[in-house]
Amino acid sequence: MFYPIFDPTYFLVLIGAVLSIMASARVRSTYSAYSKVGSRSGMTGAEAARRILNSQGIYDVSIQHVAGELTDHYDPSSKVLRLSSSVYGSTSVAAVGVAAHECGHAVQHARAYMPLKIRTALVPAANLGATIAWPLLIFGLLISGRNSFLINLGILLFSLSVLFQLVTLPVELNASNRAMRLLEENGILYRDEVSDVRKVLSAAALTYVAAAAASLLQLLRVILLFGGRRDRD
């Protein structure tokens, strides 16, 4: 069978890529702007994180420095909150906000927040789907008879990676909401500073929205490319 060189479904990939680039640029520019605004408390990201964790009765999570910028994350498997160079020792409202957001994930873990549990459970399946979905789809088309089982399995595995992105959205939004509340409750930031943090975390949330949208567009492309051909060929 002849497949055209120009595939119109590439437009779906292009749209997803543009959304991701725009969201990434937005978060970096917003973070850069508020990383120049010092918090009036003078607390560093690491200090703010420790106060928040202690306020929630969480004493078994360690705080570590990690290289890079915006590489901050909470590792539930080892109960480690890793803060990047631009957050760990910085006293800016942006740094404190990012540290508080990661604390939000630690609180979710401690409180057995269900969407976080679902996302954690989906990690192996999502990684597997991202790795072997396309090889399965292509192999399913190439072998004699256009194997419907392999194509359906490939689409299913790809869908699991999309589901992971969708479940990530409420997890991240909830962590940000927890962060802003805890920053004010613990006297780490004043109300107007929390408003600045909201801008930073809202910009960061756009990256997850863009990632989910890009994944859905990719899934649509997979269905358009492979979903009908297994019946037509």
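From the N terminus on, the elements of the protein chain run α-α-β-β-β-α-α-α-α-α-α. That comes to eight helices and three strands. The model is a predicted one. Its C-alpha atoms fill a box of roughly 65 × 35 × 25 Å, taken along the principal axes. The protein chain has 233 residues, and 43% of them count as buried. Contacts reach across the sequence. Among those with a separation of 6 or more, 72% join residues 24 or more positions apart.

Start with the interior. In soluble globular proteins, nonpolar side chains tend to be buried together. Here the largest nonpolar core has 35 residues. Leu-81, Leu-83, Leu-183, Ile-188 and Leu-189 have the most contacts inside this core. Several elements supply at least two residues each: helix 1 (10-34), helix 2 (45-55), strand 3 (80-84), helix 4 (93-110), helix 6 and helix 7 (191-227). Helix 4 gives the largest share, 10 residues. Another core lies apart from this one. That other core has 14 residues, among them Ala-133, Leu-150, Ile-151 and Val-162.

Leu-83 repays a closer look. Set aside its neighbours within four places in sequence. What remains in contact with Leu-83 is Gly-45, Ala-46, Ala-49, Ile-63, Gln-64, His-65, Val-66, Asp-72, Tyr-88 and Ala-99. Leu-83 is also one of the residues with the most contacts inside the largest core.

Next comes the largest pocket. Its volume is about 690 Å³. The lining holds 29 residues, and the closest to the pocket centre are Asp-72, His-101, Glu-102, Glu-172 and Tyr-208. Asp-72 has appeared before, as a contact of Leu-83. Helix 1, strand 2 (73-75), helix 4, helix 5, helix 6 and helix 7 each give two or more residues to the lining. The largest share, six residues, comes from helix 7.

Now look at the aromatic rings. How many aromatic pairs does the count come to? The count is one. The partners are Trp-134 and Phe-158, set edge-to-face. Their centres are 6.5 Å apart, with 85° between the planes. The pair links distant parts of the chain. Trp-134 sits in helix 5 (residues 114-142), Phe-158 sits in helix 6 (residues 148-185), and 24 residues separate them. Are the two rings' residues buried or exposed? Trp-134 is partly exposed, with a relative accessible area of 25%. Phe-158 counts as buried because its relative accessibility is 9%, under the 20% cut-off.

Another ring has a charged partner. Arg-178 lies over the face of Tyr-113. The distance from the ring centre is 5.4 Å.

Helices 5 and 6 offer one more pair of positions to find. Leu-153 is found in helix 6. The C-alpha atoms of Leu-153 and Leu-137 are separated by 8.0 Å. Along the chain, these two residues are 16 residues apart. Leu-153 counts as partly exposed, because its relative accessibility is 29%.

Move on to helix 7, where Arg-221 lies. Is Arg-221 buried or exposed? Arg-221 counts as buried, because its relative accessibility is 8%. Leave aside its neighbours within four places in sequence. Arg-221 is then in contact with Asp-7, Thr-9, Tyr-10, Leu-12, Val-13 and Trp-134. Trp-134 is also a member of the aromatic pair.

Finally, check the backbone. Most residues other than glycine have a negative phi. Which residue has a phi near 55° in the loop between strand 1 (62-66) and strand 2? It is Leu-70, whose phi is positive although Leu-70 is a residue other than glycine. Leu-70 counts as partly exposed, at 30% relative accessibility. Ala-112 also has a positive phi, of about 55°, and is not a glycine. Ala-112 has its place in the loop between helix 4 and helix 5. At 42% relative accessibility, Ala-112 counts as partly exposed.

Notes. Residues are numbered from 1 along each chain as its sequence is written. This is a predicted model: local features need pLDDT of at least 70, side-chain atom pairs count only at pLDDT 80 or more; totals for chains, interfaces and linings use all residues. Side-chain values use heavy atoms; hydrogens and water are left out. Rings of Phe, Tyr and Trp (its six-membered ring) pair if their centres lie within 6.5 Å; planes under 30 degrees apart count as stacked, over 60 as edge-to-face and the rest as tilted. Helices (H or I, at least four residues) and strands (E, at least two) are DSSP runs, numbered from the N terminus. Buried means under 20% relative accessible area, exposed over 50%, partly exposed in between (1.4 Å probe, protein chains only). A charge sits over a ring if NZ of Lys or CZ of Arg is within 6 Å of the ring centre and within 35 degrees of the ring normal. A nonpolar core is a set of buried Ala, Val, Leu, Ile, Met, Phe, Trp, Tyr and Cys residues joined through side-chain atoms within 4.5 Å. Contact means heavy atoms within 4.5 Å. On a 1 Å grid over the protein atoms alone, a cavity is a set of points where a 1.4 Å probe fits but cannot get out, and a pocket is an open set with protein on both sides within 12 Å along at least five of seven lines; lining residues have an atom within 4 Å of a point. Grid points are joined across faces, edges and corners, and a volume is the space filled by probe spheres set on the points.
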